[in-house]
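Welcome! Take a moment to turn the structure around on your screen before reading on. This report will walk you through it step by step.

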Amino acid sequence: NGLIVDKDNLIVAQWGSITDKFETKTSGHLVKINLKTRDVEKFFSTRPIGNLDGIVFNKEKGFLVTDWINGKLFSVNELGIATLLKKLNKGSADLEIVMHKDLILIPQMLDNSLIAFSFNWMSNLSIKVKNLSKVYNNYKVLHNLSFSIEENGIFGLLGRNGAGKTT
């Protein structure tokens, strides 16, 4: 549904599989189409994201996308992994971002309005880890681990005793 050109690729924000009654059978995800070879591929993560409508670049080498049906704004990194940023209204359509002002504009199709908000990219994150690597006894135990934990979010580390959860 949404389209954006990123270097040699057309990035498509897909709505998903639609049934006869305009209901969604499966949610959509991002697809990359090489403009030279016309090869089509999914991003590394093939998990469905939602009924994607709008797509723009964000400041984190990825994209912002809207989910029209569920009224959500997601950040999608360059591997295709989505993180929910904000709950919106159903009918959240194409979006526009004014990066130098940290301003996001999202039309609300079902109530004929426009949501505009200043978005501080770090305000809803308590912890952000980017490209963390750890070597222990010449063994690479972590390699380029990146994740973020939203404010008031619940996060758990699972592993057997001695696996390094505390470290």
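What follows is a short tour of the fold, its sheets, a salt bridge, the surface and one loop residue.

**The overall picture**

Please keep in mind that this is a predicted model. The protein has 15 strands and zero helices. Of its 167 residues, 31% count as buried. The accessible surface comes to about 11300 Å², and carbon and sulfur atoms account for 51% of that area. You can also look at how the chain meets itself: among contacts between residues at least 6 apart in sequence, 34% join residues at least 24 apart.

**One sheet, from β1 to β6**

Let us begin with an open sheet of four strands, which stand in the order β1-β2-β5-β6. Their pairing is antiparallel. At the edges you will find β1 (2-6) and β6 (40-42), each of which pairs on one side only. From one strand to the next, the twist averages 25°.

Look at the start of this sheet, where β1 pairs with β2 (residues 9-13) in the antiparallel sense over five bridges. Here Asp 6 stands opposite Asn 9 in β2.

**A salt bridge between two loops**

Which two side chains meet in a salt bridge? They are those of Asp 8 and Lys 36, with 3.8 Å from N to O. The count for the model comes to one salt bridge. This pair links distant parts of the chain, since its members are 28 residues apart. Asp 8 belongs to the loop between β1 and β2, while Lys 36 lies in the loop between β5 (30-34) and β6.

Are these two residues buried or exposed? Asp 8 is partly exposed, because its relative accessible area of 38% falls between the 20% and 50% cut-offs. Lys 36 has a relative accessibility of 66%, so it counts as exposed.

**Another sheet, from β7 to β10**

The next open sheet also consists of four strands, in the order β7-β8-β9-β10, with antiparallel pairing. Its edge strands are β7 (52-57) and β10 (82-87), and each pairs on one side only. Neighbouring strands of this sheet are turned by 25° against each other on average, direction ignored.

Follow β8 for a while. Six of the six residues of β8 are buried, so this strand is largely enclosed by the rest of the structure. Four bridges join β8 (residues 62-67) to β7, and the two run antiparallel. β8 also pairs with β9 (residues 72-77) in the antiparallel sense, over six bridges. β8 and β9 form a hairpin with four residues between them. In its turn, Gly 71 has a positive phi of about 60°.

The table lists residues that stand opposite each other in this sheet.

| Residue | Opposite residue | Strand of the opposite residue |
|---|---|---|
| Phe 57 | Phe 63 | β8 |
| Ile 55 | Val 65 | β8 |
| Leu 64 | Ser 75 | β9 |

**A nonpolar patch on the surface**

Now turn to the outside of the model. Leu 132, Tyr 136, Tyr 139, Val 141, Leu 142 and Leu 145 make a nonpolar surface patch of about 560 Å². The elements that give two or more residues to the patch are β14 (125-136) and β15 (139-150). Which strand gives the most? That is β15, with four residues.

Leu 145 is found in strand β15. It has a relative accessible area of 32%, so it is partly exposed. Patch residues need over 30% relative accessible area, which is why a partly exposed residue such as Leu 145, at 32%, can belong.

**A loop residue and its contacts**

Our last stop is Met 109, in the loop between β12 (103-108) and β13 (113-118). Its relative accessible area is 52%, and because the cut-off for exposed is over 50%, Met 109 counts as exposed.

What does Met 109 touch, leaving aside its neighbours within four places in sequence? Met 109 is in contact with Trp 68, Gly 91 and Ala 93. You can also find Asn 89 from here: Met 109 and Asn 89 are 20 residues apart in sequence, and in space they are 9.3 Å apart from C-alpha to C-alpha.

Terms used. Residues numbered from 1 in each chain as written. Predicted model: local features only at pLDDT ≥ 70, side-chain atom pairs only at ≥ 80, totals over all residues. Heavy atoms only, no water. Pairing = 2+ DSSP bridges. Axes fitted to C-alpha atoms, helices over the stretch in contact; angles between N-to-C directions. Salt bridge = Lys/Arg side-chain N within 4 Å of Asp/Glu carboxyl O. Buried < 20%, exposed > 50% of the residue type's maximum accessible area, 1.4 Å probe, protein only. Patch = residues over 30% accessible without salt bridge, like charges linked within 9 Å, V, L, I, M, F, W, Y side chains within 5 Å. Areas by Shrake-Rupley, 256 points an atom, 1.4 Å probe, with all protein chains shown as cover. Contact = heavy atoms within 4.5 Å.
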